[in-house]
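Hi,

Here is the model I promised to pass on. Have a look at it first, and my notes follow underneath.

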Amino acid sequence: MIYIIFALLFVSVFEVFAHSSIISSFMVVLGGSDMMLIILFVVYLMAVMIGAILSGYLIDQVGAKFISIIGLFAVSGILVVYLFVHSPGQLLTIRFVHGLFSGFLFTSILVQLSTIETSVVKGSFIKYSACIICLASFLGSSFGVIMSKHFVVESVFYSISLLIFALGVVSIFIIKEPEVAQRILSFSKYLKATFVLVNQSVMGYSYSAALLLMFTQGTLHYLLPQKIATLGESSSLTVYLLTVFILVSSIVLLLPTKKLFERFSTEIIIIFGMLILSLCLFMISFINLVPILYILMTMYGFGFACVLLPILQGVVEGPSDVNRGIGFGLLICFMAFGVLAGPFVTGVFPTISLSFLIGGFILALCSAYYGFSIKLNQINSMINN
């Protein structure tokens, strides 16, 4: 069961990046404009946010297994429906529905992993899940590009749809729903529990860090290809640089990190990681040498791992079994909002270098505020005690 759930996590992330890597060319074939591409991007992420929040409520009502199976079969069917889309308006509709059920899938899978009772797996959940997310995002993007170039676009949708459908069938028979003493019975109680979770110091720091991390990711993925183009380099260089970032992150995530967490608090590690990411964005803005860019992406991968690991740890340990769906639903929601905010905030500036500088400055400023708020809460706790 453990391996099946890890496979579900991998495929759910893999699927998103595989089809997202070819959606722009798909829109061009349908005659859509650049503005429609932006709208597709916004609509999909907004739908993921809605789906994550809604699925969090449903998971705490009926359990994560039922919601994950719904998400698996729904996403499998939606991928086939893409092949029957003939207009930008139809594509916009299917993107919204797709994002909605992707939110269902992400949230339910993370909840299932976090409720596994085996102590060994419980301790390894964080690093293995983070590593799977990193590798799946890279392999999904590569798969989509390679399949669409050497075969046909339809092959991407058909192959992933079949894989997800097969995992859905297997999940019905293998995955077991853990027993929970009580469920949240009303939406008003759900909203109250949501505000309580966000106001908890550990959860609040995890959610804000998740938003900032994905803000940085959105900024990097939006601006880096433009930066490479201004240098006169091939677009494949972007892929190579992102590959370095993913590989470094995965290696760091798989390394023994227990002693690191015992020596430093998770908040300190998050701030340290965010400052590294901020420094990388600053330096990318004026560095034009390709070897230096590889070094910066190596640093970026290390900083990314330092932030992602404590985020997952905070969300795993924060909620109880009764409101675990809420906890992970909010995590997915904050992450999706961060990805959405990154390109829109930094993309309004006239030059790529200035956009990178602003992105780095925002991250550095938020890191400073993040550290200040942690210190202030510690002082208040000491005074109250």
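The accessible surface of the protein chain comes to about 17300 Å², and 73% of that belongs to carbon and sulfur atoms (areas are from the Shrake-Rupley method with a 1.4 Å probe, and for residues only the protein chains shown count as cover). Before the rest, two notes on the basis: this is a predicted model, so local features need pLDDT of at least 70 and side-chain atom pairs count only at pLDDT 80 or more, while totals for chains, interfaces and linings use all residues. Residues are numbered from 1 along each chain as its sequence is written, and side-chain values use heavy atoms, with hydrogens and water left out.

The overall picture: the protein chain has 15 helices and zero strands (DSSP runs numbered from the N terminus, H or I of at least four residues for helices and E of at least two for strands). Of its 385 residues, 51% count as buried (under 20% relative accessible area; exposed is over 50%, partly exposed in between, with a 1.4 Å probe and protein chains only). Among contacts (heavy atoms within 4.5 Å) with a separation of 6 or more, 85% join residues 24 or more positions apart.

Now the inside. The largest nonpolar core holds 114 residues, and Tyr 82, Leu 91 and Leu 331 touch the most other members. Helix H13 (residues 290-317) gives the most to this core, with 14 residues. A core here is a set of buried Ala, Val, Leu, Ile, Met, Phe, Trp, Tyr and Cys residues joined through side-chain atoms within 4.5 Å. Leaving out residues up to four places away in sequence, Tyr 82 touches His 19, Ile 23, Phe 26, Leu 91, Ile 94, Arg 95, His 98 and Phe 157.

His 98 is worth a click too. This residue sits in helix H5 and counts as buried because its relative accessibility is 0%. With the same sequence neighbours left out, His 98 touches Glu 15, His 19, Tyr 44, Val 75, Ile 78, Leu 79 and Tyr 82. Its C-alpha is 8.2 Å from that of Ala 74, 24 residues away along the chain. H5 itself (residues 88-114) is mostly covered, with 19 of its 27 residues buried. From first C-alpha to last it reaches 39 Å, close to the 39 Å expected (1.5 Å times one less than the number of residues).

H7 (residues 153-174) has two sides to its story. Its end C-alpha atoms are 32 Å apart, which agrees with the span expected for 22 residues. Its buried residues include Phe 157, Ser 161 and Ile 164. Ser 76 in helix H4 (residues 64-81) is in contact with Ser 161, Ile 164 and Phe 165, neighbours within four places aside; Ser 76 is buried, at 5% relative accessibility.

Phe 165, by contrast, is partly exposed because its relative accessible area is 43%. Together with Met 1, Val 169, Val 170, Ile 172, Phe 173 and Ile 174, Phe 165 forms a nonpolar surface patch of about 600 Å² accessible area. Patch members have over 30% relative accessible area and no salt bridge, with like charges joined within 9 Å and nonpolar side chains (Val, Leu, Ile, Met, Phe, Trp, Tyr) within 5 Å; a salt bridge is a side-chain nitrogen of Lys or Arg within 4 Å of a carboxyl oxygen of Asp or Glu.

Last stop, helix H9 (residues 201-230), where Leu 211 is found. Leu 211 and Met 335 are 124 residues apart in sequence but 5.1 Å apart C-alpha to C-alpha.

Cheers
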